[in-house]
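Me: Got a minute to go through this one with me? I'd like to talk helices, cores and pockets.

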Amino acid sequence: MRSLLHGGPPGPAGPLFPLGAALPPAAAPTPEIAAGVLRPGMARAAGRTADTAVSYAAMLRLAGLDIDVSDPVSGARELVEEGVFLYGGPEELAARIRHCFASGIDEVVLNTSGVTQVHGFGEAVADLRDILAELSPNCATPGQVRRRRAAMARAALGARTPATTTVSERAISAQGSRIGL
């Protein structure tokens with residue numbers, strides 16, 4: 001990441017997620033690299049590679065949650081009870097995610113690492129597909145947003161606007177990248 005931010009090539013390609021990209025030069029100052037820290041091992045890794053460490057427990061306490069790092073079980077219970085960590089089947093998760101969006105949250109991370117570890121990568125992908133299928137009628141994809149904006153611009157100029165917008169499988173996949181993985 002540091003090499004990319006300074007205009008260099010990406011680091012060596014990993015086995016699961018090869019990166020063949022570059023960032024364009026920017027006039028803005030180079031941003032700091034921050035790493036999330038939950039445990040001592042993560043803190044050591046952040047110390048070796050990041051400019052700063054982000055303490056999730058402190059952030060959650062500032063948000064009003066009762067988090068005590070010496071009692072991880074009660075901390076996990078608090079995260080579930082307060083809706084910070086969502087769980088359930090595709091319909092239930094879609095409903096909870098819609099509630100997040102309606103509450104003003106504009107980013108939700110779908111993390112299937114637990115499913116991947118227990119049931120494999122294929123099941124994790126199937127779970128994501130099912131959740132996104134439940135969400136797709138209620139969430140605009142980036143392509144839909146662009147088409148709606150273009151239609152509004154044409155309408156403002158007096159041009160004819162399309163009556164409907166369709167959602168393709170590719171658009172649903174693009175929504176997955178918008179929500180975050």
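Reply: Sure. One definition to start: the expected span of a helix is 1.5 Å times one less than its number of residues. Keep in mind that this is a predicted model.

Me: OK, so how many residues has α7, and how far does it reach?

Reply: α7 has 15 residues and spans 21 Å from its first C-alpha to its last, close to the expected 21 Å.

Me: Which residues of α7 are buried?

Reply: Those are A124, A126, L128, I131, L132 and L135.

Me: And what's in the largest nonpolar core?

Reply: It has 10 residues: L93, A94, I97, C100, V108, L110, L128, I131, L132 and L135. Both α5 (90–102) and α7 (121–135) supply at least two residues of this core. Apart from it there's another core of five residues, including I33, A35, A46 and A50.

Me: Switching to pockets. What volume does the largest one have?

Reply: About 1600 Å³. It's lined by 45 residues, and the closest to its centre are L79, V84, F85, L86 and N111.

Me: Which helix gives the most to that lining?

Reply: α5, with six residues. Elements that each supply at least two residues of the lining include β1 (34–37), α3 (56–62), α4 (72–81) and α6 (113–119). α7 is also one of them.

Me: How does the lining of the largest pocket divide into nonpolar, polar and charged?

Reply: There are 27 nonpolar residues, 12 polar and six charged.

Technical notes:
Residues are numbered from 1 along each chain as its sequence is written. This is a predicted model: local features need pLDDT of at least 70, side-chain atom pairs count only at pLDDT 80 or more; totals for chains, interfaces and linings use all residues. Side-chain values use heavy atoms; hydrogens and water are left out. A nonpolar core is a set of buried Ala, Val, Leu, Ile, Met, Phe, Trp, Tyr and Cys residues joined through side-chain atoms within 4.5 Å. Buried means under 20% relative accessible area, exposed over 50%, partly exposed in between (1.4 Å probe, protein chains only). Helices (H or I, at least four residues) and strands (E, at least two) are DSSP runs, numbered from the N terminus. On a 1 Å grid over the protein atoms alone, a cavity is a set of points where a 1.4 Å probe fits but cannot get out, and a pocket is an open set with protein on both sides within 12 Å along at least five of seven lines; lining residues have an atom within 4 Å of a point. Grid points are joined across faces, edges and corners, and a volume is the space filled by probe spheres set on the points. Ala, Val, Leu, Ile, Met, Phe, Trp, Tyr, Cys and Pro count as nonpolar, Asp, Glu, Lys and Arg as charged, and the others, Gly among them, as polar.
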